[in-house]
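Please work through the following exercises with the sequence and the model open beside you. Each task is followed by a solution that goes step by step.

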Amino acid sequence: MNGIFASIEHWPLSVWAREGNYIYFVALIFHAWGMALLIGGGIVICLRVLGVGGAAALAKFRGFFPVMWVGAALAIPSGLMLLVAYPAKSFTNPVFAIKFACLIIAALLMRRLAHGAFPAAARGEPLPHNSRARAGLALALWLGGVAAGKLLLHTYKVLLVG
Amino acid sequence: MDPDPFLDVAAIAQLGRNLGINGMMTMRWGWPIAEVFHFFGLCLLFGTVGLFDLRMLGVARGVSLRALHRLIPFGLGGLAMSVTTGLLFVMTTPDQYLHNPALLTKFALMLVAGFNMVLFYLIAARGTWLTGPDDLPPVPARIFGAISLACWVGVMTCGRVITVFRPPAFYWCPWC
């Protein structure tokens, strides 16, 4: 596998991402902005489903989903850029898989909330019985994704390029 | 020799060692765990204060600002978590942080954000709580919201580039 990663690291895009003037840090900044919007939106929605801020109509919190989409639109391309710069460093690190799994599962749980809890709240019906458990798990997974993301820098074992 | 007459980098590093902070942070998982909590704090802060600011600017109309404000204590808890862990970083390697242009800009933006928050509560909060769930708050509140959001985005940005602007290659001491 390292041969494949090494060949990716010779792609002009990969070299540019690593060696271009501050390109890597610009990608890091966009990734941070995107993750802040994505996870910030996720935290607020999960907290509300869990009952915090109960005076506010839950259905209206749907308005924060577009914030999360904007966050994803910033975080995913910038994340791909970071990945293409150092593919071996990420793909050989199990913590990267944990980060990815946390974020994907959290996003799927949010989708279930969007299609289950929010329509029920809009109709004035009680939330589906496991909505709060899903929100609690999603909140934990968003934070787990952040934790794994921060630990990437301290847990990689393979670095093919400097 | 350190030209700073106020912040003695060597003395702060010694204080960090005397308090056991240096020993804790240089353990295998000390620094990474502190980083994780630093970012948990930032997530809570941006997820509550940042989204409150966005709501003041018209995003997610229908959500009552007064009710959304009940999430702010989570943001303040996040801020406390970030400030505490941030102090651990500074006390461990003050030479990398104290005169770092990115960190000083980050501190300045945090001060502006804090001052802006105080002014919001003194000037614009009462009008904001009277705003209907589907309405925009009064113009002063929107201005305070925009300043707050810009400051916190700036804080996040400066935090990301601290490693680029490390002393001695970059050295800022506006008070020297």
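The exercises below begin with the two chains, then turn to one helix, the contact between the chains, and a few single residues.

This is a predicted model, in which local features need pLDDT of at least 70, side-chain atom pairs count only at pLDDT 80 or more, and totals for chains, interfaces and linings use all residues. Residues are numbered from 1 along each chain as its sequence is written, while chains are lettered from A and ligands numbered from 1 in the order in which they are written.

**Exercise 1. The two chains**

Task: Describe the secondary structure, the dimensions and the burial of chain A, and then do likewise for chain B.

Solution. Begin with the elements, where helices (H or I, at least four residues) and strands (E, at least two) are DSSP runs numbered from the N terminus. Chain A has eight helices and zero strands, and its order from the N terminus is α-α-α-α-α-α-α-α. Chain B likewise comes to eight helices and zero strands.

Next, take the dimensions along the principal axes. The C-alpha trace of chain A spans about 55 × 25 × 20 Å, whereas the C-alpha atoms of chain B fill a box of roughly 60 × 35 × 25 Å.

Then count burial, for which a residue is buried if 20 or more other C-beta atoms, placed from the backbone, lie within 10 Å of its own, exposed if 12 or fewer, and partly exposed in between. Of the 162 residues in chain A, 44% are buried, and of the 176 residues in chain B, 33% are buried.

Finally, consider contacts, meaning pairs of residues whose C-beta atoms, placed from the backbone, lie within 7 Å. In chain A, 80% of the contacts between residues at least 6 apart in sequence join residues at least 24 apart; in chain B, residues 24 or more positions apart account for 79% of the contacts with a separation of 6 or more.

**Exercise 2. Helix 4 of chain A**

Task: Compare the expected span of helix 4 of chain A with the distance between its end C-alpha atoms, and then locate its buried residues.

Solution. The expected span of a helix is 1.5 Å times one less than its number of residues. Helix 4 of chain A (residues 65–85) has 21 residues and should therefore span 30 Å, which agrees with the 30 Å between its end C-alpha atoms. The buried residues of this helix include A:V67, A:G71, A:L74, A:S78 and A:L82. Seen down the axis, the buried residues fall within an arc of 160°, so they line one face of the helix; the arc is that of the directions from the helix axis to the C-beta atoms. Their cover includes helix 2 (12–19) and helix 3 (23–49) of chain A, together with helix 3 of chain B.

**Exercise 3. Where the chains touch**

Task: How many residues does the contact take from each chain, and which element of chain B gives the largest share of its side?

Solution. The contact takes 31 residues from chain B and 28 residues from chain A. On the side of chain B, the elements that give two or more residues are helix 3, helix 4 (65–68) and helix 8 (139–160). The largest share of that side, 13 residues, comes from helix 3 of chain B. By residue type, the side of chain B divides into 21 nonpolar, six polar and four charged; Ala, Val, Leu, Ile, Met, Phe, Trp, Tyr, Cys and Pro count as nonpolar, Asp, Glu, Lys and Arg as charged, and the others, Gly among them, as polar. For the complex, the predictor gives an ipTM of 0.87 and a pTM of 0.91.

**Exercise 4. Single residues**

Task: Place B:G30 in its surroundings, and then examine the backbone at A:Y22, B:A60 and B:P168.

Solution. B:G30 lies in helix 3 (residues 30–56) of chain B. With 16 other C-beta atoms within 10 Å, B:G30 is partly exposed. Leaving aside neighbours within four places in sequence, B:G30 is in contact with B:M24 and B:M25.

For the backbone, recall that most residues other than glycine have a negative phi, and most peptide bonds are trans. A:Y22, in the loop between helix 2 and helix 3 of chain A, has a positive phi near 60°, and this residue is exposed, with 11 other C-beta atoms within 10 Å. B:A60, in the loop between helix 3 and helix 4 of chain B, has a positive phi of about 55°, but B:A60 is buried, with 21 other C-beta atoms within 10 Å. Lastly, a cis peptide bond with omega of about 5° joins B:P167 and B:P168, and B:P168 is found in the segment after helix 8 of chain B.

Terms used: Contact = placed C-beta atoms within 7 Å.
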